[in-house]
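Work through the exercises below with the coordinates open. Each task is followed by a stepwise solution.

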Amino acid sequence: MSFAQQFPIVFNALNVGFLQTLKLFFVTLLGALPLGLLLALGEMSRDKILRALIKVLVWIIRGSPLMIQLLIVYYGPGLLASRITAEAAANNAFLAFIRSCRWSGGESGRFAAASFAFIINYACYFCEIFRGGIQGIPVGQEEAGLVLGMTGRQIFFKVKLLQMVKAILPPISNEIITLVKDTSLARIIVLEEVIWAGQAFLKGSHGISGAIWPLFFTAVYYLVANGLLTVGLAKLEKKLSYFR
Amino acid sequence: MPILQVENIRKSFGQTLVLDDISFSMEPGEALSIIGSSGSGKTTLLRCLNFLERPDEGIIRVRDEVLLDAGKANKSDKASNQEIRRKRLHFGLVFQSFNLFPQYTALQNVTLAEELLAKEAPDWKENKTEKLKRIREHGMELLSEMGLSNRMDNYPHQLSGGQCQRVAIARALALRPDILCFDEPTSALDPELTGEVLRVIRGLAERSTTMIIVTHEMGFARDVADQVIFMDEGCICEQGDPREVFAHPKQERTKQFLARYHEN
Ligand SMILES: Nc1ncnc2c1ncn2[C@@H]1O[C@H](COP(=O)(O)OP(=O)(O)OP(=O)(O)O)[C@@H](O)[C@H]1O
Ligand SMILES: [Mg+2]
């Protein structure tokens, strides 16, 4: 088959794969941003135990490779469940619950597991960024608001929020760009994202086999996505550059 | 009748006694300057008046109203939050480091608090445009008084330190506090910029604004004030007519302190 004949076939297959990549990307952002904020607030709370728990979680998640986390999240529950016999589960509600904790089969199960691992992982990175952003605002801003008779709410929304957004936008942008590329790690649990789709043409798929160019071509998808994101995020940063 | 009466204020941070039995009073329209070496508790005193710190003991009274009686137990948190907000508005505070809101223009910095307050009034919806217009005009008026009529739409980072501090003074005046407090308003400024800020404060004194001014500018403290307090290690060491205190200090510590300033 000539390249011109191969191209439309490959292009269609890669598009399908990239759709899965994008889905994972957006689901991760949607889950990790709010969860990261919650973790950040928890890390600043007065509850010592909560603070310690979050610190340990952040250490584990940021200190170990996302690839390992994906493997543990995807295969761990199944391995654990297989250790529990049906008799043991029948007598113990907790064991029964553990035994029932498995990802469903097929692509939807892999997607759910990947989303879970990515959301937790990115939430921990976002948590540290949010905390830095909140704590980085000088106390003088809060005190100025207080002596002007503002409420805590008003100070947060009218004074601090925008300064915080401005401060965290560059590090968050970095993480977002990294996330686009990190989604390819889900290949390790055979999520059918764009790299998986490209690789399929090596072994043989859609009547094409031994072709390596589709795998290389997947890089174009990441480049285009990150190019668009970079432009968009830079625009946002520029919008906030009217103050310092 | 005094506008402000402070009685037996005491405040510790952990083991350190920072304010020890502070009492003084002010008449309406009076300017009081507070001098004293670093760490003597001047900032802490202003912060107590503005409810940024809570004294351990003592009473703060504005006109007839007891704003704070530290001996009495706290009310429930929610109620006292609302009350503290209201009580705070008797005082204004100008910080050493301005603490302007960077994302707002000079004018917005001045009008923000007044707008937020107006929004809480029951007739806000009907008279919104009218009210906003009045608040805006008030803000512009205050900034003109500070000599900043051509700087209203600039953001803080576009202004010099002296201009920032004048915006901060206008902002503190916007809610018409009974007593305006200054915490070393010129300490963060380059020497050539202190003049414009001191001039503005002098102007306020001439218009009989009730003010408490913590400052290291001795000449200014003497000239602008009707009363001066010298603080030392959390106590009021000497107090009185500024010409008297500066020319003939009675206490040994005051003499030493002032002598150090004459040397510089
Ligand atoms: N939040 C705090 N926690 C503990 N100690 C404090 C706190 N704030 C102030 N202090 C201490 O209280 C004392 C008085 O501080 P304060 O800032 O009121 O002095 P000051 O007279 O304003 O000094 P300066 O002229 O340097 O501004 C100092 O010894 C200071 O270290
Ligand atoms: Mg001070």
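**Exercise 1.** In this predicted model, determine which strands α1(B) lies across, and state its angle to β7(B).

Solution. Step 1: list the strands in contact, counting heavy atoms within 4.5 Å. For α1(B) these are β3, β6, β7 (179-183), β8 and β9 (227-232) of chain B. Step 2: take the axis angle; α1(B) runs at about 150 degrees to β7(B). Step 3: repeat for helix α5 (residues 161-174) of chain B, which lies across β6 and β7 of chain B and runs at about 170 degrees to β6(B).

**Exercise 2.** Give the strand order of the open six-stranded sheet in chain B, and explain why one side of β6 and of β10 lacks a neighbour.

Solution. Step 1: the order reads β6-β7-β8-β3-β9-β10, and the pairing is mixed. Step 2: β6 (91-94) and β10 (235-240) of chain B are at the edges with a single partner strand each, so one side of each has no neighbour in the sheet. Step 3: ignoring direction, neighbouring strands of this sheet are turned by 20 degrees against each other on average. Step 4: inside the sheet, β3 (residues 31-36) and β8 (residues 211-214) of chain B pair in the parallel sense over four bridges, and L32(B) is opposite I212(B).

**Exercise 3.** Find which helix gives the largest share of the shell around ligand 1, then list polar contacts to the ligand's oxygen atoms.

Solution. Step 1: helix α1 (residues 42-49) of chain B supplies the largest share, three residues. Step 2: by class, the shell holds two nonpolar, eight polar and two charged residues. Step 3: polar side-chain atoms of S38(B) and T43(B) lie 2.5 Å and 2.6 Å, respectively, from an oxygen atom of ligand 1. A backbone N or O atom of G41(B) lies 3.0 Å from a ligand 1 oxygen atom. Step 4: the protein covers 58% of the 640 Å² of accessible area that ligand 1 has on its own.

Technical notes
Residues numbered from 1 in each chain as written. Chains lettered and ligands numbered in written order. Predicted model: local features only at pLDDT ≥ 70, side-chain atom pairs only at ≥ 80, totals over all residues. Heavy atoms only, no water. Polar contact = N/O pair within 3.5 Å; in protein donor to acceptor, adjacent residues only side chain to side chain. Areas by Shrake-Rupley, 256 points an atom, 1.4 Å probe, with all protein chains shown as cover. Helix = DSSP H or I, 4+ residues; strand = E, 2+ residues; numbered from the N terminus. Nonpolar A, V, L, I, M, F, W, Y, C, P; charged D, E, K, R; others polar. Pairing = 2+ DSSP bridges. Axes fitted to C-alpha atoms, helices over the stretch in contact; angles between N-to-C directions.
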